[in-house]
Amino acid sequence: MKKNCKGEYINVDLNNTLCVEDLELYNECIEGIHSAHILEPSCTIIESPKSARSKWNGNYFSNKDSVNLLLSFLQLRRPWCRSYNYLYSSIWENDKTVQDALHIQEGSITEWERCNKTLQELYISDVSSSLVYHENIIKQGYRVLVYSGDHDMDIPYVATMAWIESLNLTVDSPWKPWFVDGQVAGYRVQYTYKKYQLTYATIKGAGHTAPEYKPEECHAMISRWFAYYPL
């Protein structure tokens with residue numbers, strides 16, 4: 001792909017047959033991988049099942065994953081796939097007792113959805129890069145923390161590292177491990193430009209939404225950063 005596509009993987013020239021063939025092979029290789037965390041099972045993502053409550057509805061899942069989930073309930077005490085846990089969030093958030101405890105104004109919402117896809121119709125995507133905003137933050141001299149799970153293929157840590165390096169900052173402290181309870185929790189590098197400071201940290205073993213996978217490590221990272229304590 002690097003050789004035949006020459007760095008262009010989105011707007012591919014369809015006449016470049018070698019590149020097209022490489023991309024087809026690549027897509028075949030990653031098709032069965034859970035991109036949010038490459039080591040976890042690839043399962044149907046449950047965003048917000050309709051009328052879930054306490055009833056089982058097989059239509060929430062694909063036929064393949066329905067069978068797997070049913071088998072997992074027979075063999076295990078709890079669902080084996082992380083995305084199945086999202087079913088519980090819909091049941092919990094739509095419970096009237098929970099909504100009363102959260103002081104949700106009655107009638108303000110008919111049904112809570114974990115991912116309300118209808119909101120996408122209200123937004124127009126017109127920002128292709130956020131680098132200009134980071135360049136402005138540099139001028140303001142702020143402290144910045146950027147972090148990534150190192151098992152995320154949706155927004156891989158190496159891609160984050162690439163745009164950070166494009167800012168041409170000075171490396172103030174090279175890559176080093178950071179620890180939680182005496183164990184390596186990830187690696188970090190620090191950049192500076194005058195008063196500006198950027199810390200980029202990886203969380204070992206974390207996926208796309210790092211705190212979901214490694215809550216203790218992410219809490220330690222955030223707490224130390226706010227306390228000006230080095231990672």
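**Notes on the sheet and its aromatic contacts**

1. A good place to start is the hairpin of strands: strand 2 and strand 3 (residues 183-193) run antiparallel to each other and are paired over eight bridges. Within this pairing, threonine 170 sits opposite threonine 192 of strand 3. Please keep in mind that this is a predicted model.

2. Stepping back, the sheet is open and has four strands, in the order 1-4-3-2, with mixed pairing. Strand 1 (143-149) and strand 2 (170-180) are at the edges with a single partner strand each, so one side of each has no neighbour in the sheet. From one strand to the next, the twist averages 20°.

3. Now to the rings, where the count is two aromatic pairs. One of them joins tryptophan 175 and tyrosine 200 edge-to-face, at 5.9 Å centre to centre and with 70° between the planes. Tryptophan 175 belongs to strand 2 and tyrosine 200 to strand 4 (residues 196-203), so this pair ties together parts 25 residues apart in sequence. Tryptophan 175 is partly exposed, with 38% relative accessibility, whereas tyrosine 200 is buried at 0%.

4. Tryptophan 225 and phenylalanine 226 also make an edge-to-face pair, with 5.3 Å centre to centre and 70° between the planes. Here tryptophan 225 is buried, its relative accessible area being 14%, while phenylalanine 226 is exposed at 59% relative accessibility.

5. Finally, have a look at two arginines. Arginine 143 lies over the face of tryptophan 225, 4.3 Å from the ring centre. Arginine 114 lies over the face of tyrosine 86, at 3.6 Å from the ring centre.

Note on methods: Residues numbered from 1 in each chain as written. Predicted model: local features only at pLDDT ≥ 70, side-chain atom pairs only at ≥ 80, totals over all residues. Heavy atoms only, no water. Pairing = 2+ DSSP bridges. Helix = DSSP H or I, 4+ residues; strand = E, 2+ residues; numbered from the N terminus. Axes fitted to C-alpha atoms, helices over the stretch in contact; angles between N-to-C directions. Phe/Tyr/Trp six-rings, centres within 6.5 Å; stacked < 30°, edge-to-face > 60°. Buried < 20%, exposed > 50% of the residue type's maximum accessible area, 1.4 Å probe, protein only. Lys NZ or Arg CZ within 6 Å of the ring centre and 35° of its normal.
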